[in-house]
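The following exercises concern charge pairing, cysteine chemistry and nonpolar packing in a single protein chain. Each task is followed by a solution in steps.

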Amino acid sequence: MLFSLPLSKIPTHWYNILPDLPQPIAPALHPGTRQPAGPQDFATLFPMNIIEQEVSSEKRIAIPEEVRQIYALWRPTPLRRAVRLEQALGTPAHIYYKYEGVSPAGSHKPNSAVAQAYYNKQAGVKRLATETGAGQWGSSLALACSMFGLECVVYMVKVSFHQKPYRRSLMHTWGATVHASPTKHTHYGRKMIEAHPDSPGSLGIAISEAIEDTVTHPGTKYALGSVLNHVCMHQTVIGQEAIDQMELAGEEPDVVIGCAGGGSNFAGIAFPFIERNWHRNKKHRLLAVEPASCPSLTKGEFRYDFGDTAEMTPLMKMYTMGHDFVPPGIHAGGLRYHGMSPIISQLHHLRLIEARSYPQAPVFDAAIQFAKTEAIIPAPESAHAICAAIDEALDAKAKKEKRVILFNLSGHGFMDMSAYDSHLAHKIEPI
């Protein structure tokens with residue numbers, strides 16, 4: 001069951017949650033002085049027009065028309081009701097999913113990549129450096145850079161570099177240079193290889209390498225695929241569209257679900273619904289789902305920490321496993337980050353959102369059940385949200401209650417079939 005919107009319903013503004021927070025997030029701290037960091041402290045990494053978005057007190061920020069025109073290549077994305085899955089579960093719950101896998105890169109990540117490439121181009125930047133876990137962000141930034149004529153270099157976490165070769169192929173096709181992190185191209189990468197020759201890498205290490213690349217190459221800025229406010233804000237086109245589509249369906253979700261690694265996918269679907277809780281007296285539950293092997297929200301500490309392993313980034317107050325934590329090489333590489341968005345961390349600390357974690361075996365079981373009923377093979381990251389949605393539907397069945405469930409199906413799994421092969425052969429690690 002499909003609920004579609006016309007092109008005219010692509011959002012015209014992003015929703016900036018910062019002014020609405022009941023308590024502001026703690027300020028970022030300069031890595032050297034440990035004093036609150038100001039806009040100029042970020043200028044080495046980001047152009048000023050993006051820094052202004054990061055700290056903006058404006059609740060609505062207009063989406064440039066050139067960005068909206070590119071969004072129109074795949075937006076509005078479909079909202080579907082998973083009727084076959086409901087029938088298979090025998091649940092009275094209604095399950096809806098917002099499908100971001102229709103983007104050219106196959107995930108939600110281009111929503112921010114296109115915006116960041118646009119603003120960097122406007123600022124005169126020639127080259128962008130970034131990191132990527134499973135490759136969704138790297139391929140999305142490669143796509144965006146190709147559209148705006150920017151050079152792109154990507155430090156891809158080594159375990160995913162080898163697990164997901166076709167995501168590398170996407171990046172190469174769109175003109176990006178891709179390195180398996182840790183690499184021998186940076187001082188920090190060489191240091192890590194010397195200390196840990198068999199390191200699988202981590203997002204924290206890859207971020208350190210991308211930042212070192214940025215500060216050592218003139219005309220280069222850094223682009224981040226999650227965590228920070230401007231990235232989460234760009235993703236709110238997802239939830240805004242979903243609100244309109246749920247109105248077409250004649251229902252409102254009782255629970256809104258998204259997987260969570262750094263936080264952008266969850267923020268994209270959840271933040272517009274949180275706004276409704278605050279300003280329209282709605283009672284949507286918001287549920288962030290993470291891997292049990294990297295459970296920053298459910299088992300991490302809420303404290304200041306670096307965003308990278310080399311301690312080059314400002315310190316942010318967030319739920320963290322520790323910046324030197326190297327997660328196991330699970331197939332949901334996009335969720336292998338030691339920390340969580342400071343905004344999402346603050347919401348969880350205030351108990352305004354819920355969090356849950358799953359090991360990867362039941363996550364893949366849920367993914368396969370979804371593929372057999374709804375025909376879409378989901379990305380391993382997105383399958384975490386599916387797993388939680390199925391549990392919610394079964395809970396509704398046990399309690400014999402109607403429950404409306406909405407989750408963000410943030411990407412397809414066509415580049416992740418080796419993970420499915422491992423699971424079907426019972427070779428996947430139960431972590």
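**Exercise 1. Identify the residues that are linked in a network of salt bridges, and examine the pair E354 and R285.**

Solution. The model is a predicted one.
Step 1. The network comprises R285, E354, R356, E392, D395, K399, E401 and R403.
Step 2. Within the pair E354 and R285, the side chains meet with an N to O distance of 2.8 Å. Since the cut-off for a salt bridge is 4 Å, this pair qualifies.
Step 3. E354 belongs to strand 14 (residues 354-358) and R285 to strand 11 (residues 285-291), so that distant parts of the chain, 69 residues apart, are linked.
Step 4. E354 is partly exposed at 30% relative accessibility, and R285 is likewise partly exposed, at 27%.

**Exercise 2. State how many salt bridges a search of the whole structure finds, and characterise the pairs K59 with E275 and K164 with D416.**

Solution.
Step 1. The search yields 24 salt bridges.
Step 2. In the pair K59 and E275, the closest N and O atoms are 3.2 Å apart. K59 is located in the loop between helix 1 (48-54) and strand 3 (60-62), and E275 in helix 12 (residues 264-279); the pair therefore ties together parts that are 216 residues apart in sequence.
Step 3. K59 has a relative accessible area of 26% and is partly exposed, whereas E275, with 11%, is buried.
Step 4. K164 and D416 meet at 2.7 Å, N to O. This pair links distant parts of the chain, 252 residues apart: K164 lies in the loop between helix 6 (158-163) and helix 7 (165-173), and D416 in the loop between strand 15 (404-409) and helix 17 (417-424).
Step 5. K164 is buried at 1% relative accessibility, and D416 is buried at 0%.

**Exercise 3. Determine the number of disulfides, and explain the result for C232.**

Solution.
Step 1. The criterion is a pair of cysteine sulfur atoms within 2.5 Å. The count by this criterion is zero disulfides.
Step 2. For C232, the closest cysteine sulfur is that of C259, at 13 Å; this is too far for a bond.
Step 3. C294 is in no disulfide either, the nearest cysteine sulfur, in C259, being 13 Å away.
Step 4. Both residues are covered: C232 is buried at 0% relative accessibility, and C294 is buried at 2%.

**Exercise 4. Compare the expected span of helix 12 with the distance between its end C-alpha atoms, and describe its kink.**

Solution.
Step 1. For 16 residues at 1.5 Å a residue, the span should be 22 Å; the end C-alpha atoms of helix 12 are 22 Å apart, which agrees.
Step 2. A kink of about 40° is found at A270, shortly before the proline P272.
Step 3. Just after helix 12, N281 adopts a positive phi of about 55°.
Step 4. The helix is mostly covered, with 14 of its 16 residues buried.

**Exercise 5. Describe the largest nonpolar core and the contacts of F271.**

Solution.
Step 1. The largest core has 92 residues, among which W14, Y71, F271 and L406 touch the most other members. Helix 12 gives the most to this core, namely seven residues.
Step 2. Neighbours within four places in sequence aside, F271 is in contact with Y15, I17, C232, T236, F266, I343, I344 and L347.
Step 3. Another core, of 34 residues, lies apart from the largest one and includes A82, L89, A396 and F407.

Key:
Residues are numbered from 1 along each chain as its sequence is written. This is a predicted model: local features need pLDDT of at least 70, side-chain atom pairs count only at pLDDT 80 or more; totals for chains, interfaces and linings use all residues. Side-chain values use heavy atoms; hydrogens and water are left out. Buried means under 20% relative accessible area, exposed over 50%, partly exposed in between (1.4 Å probe, protein chains only). Helices (H or I, at least four residues) and strands (E, at least two) are DSSP runs, numbered from the N terminus. The expected span of a helix is 1.5 Å times one less than its number of residues. The bend at a residue is the angle between axes fitted to the seven residues ending there and the seven starting there. A nonpolar core is a set of buried Ala, Val, Leu, Ile, Met, Phe, Trp, Tyr and Cys residues joined through side-chain atoms within 4.5 Å. Contact means heavy atoms within 4.5 Å.
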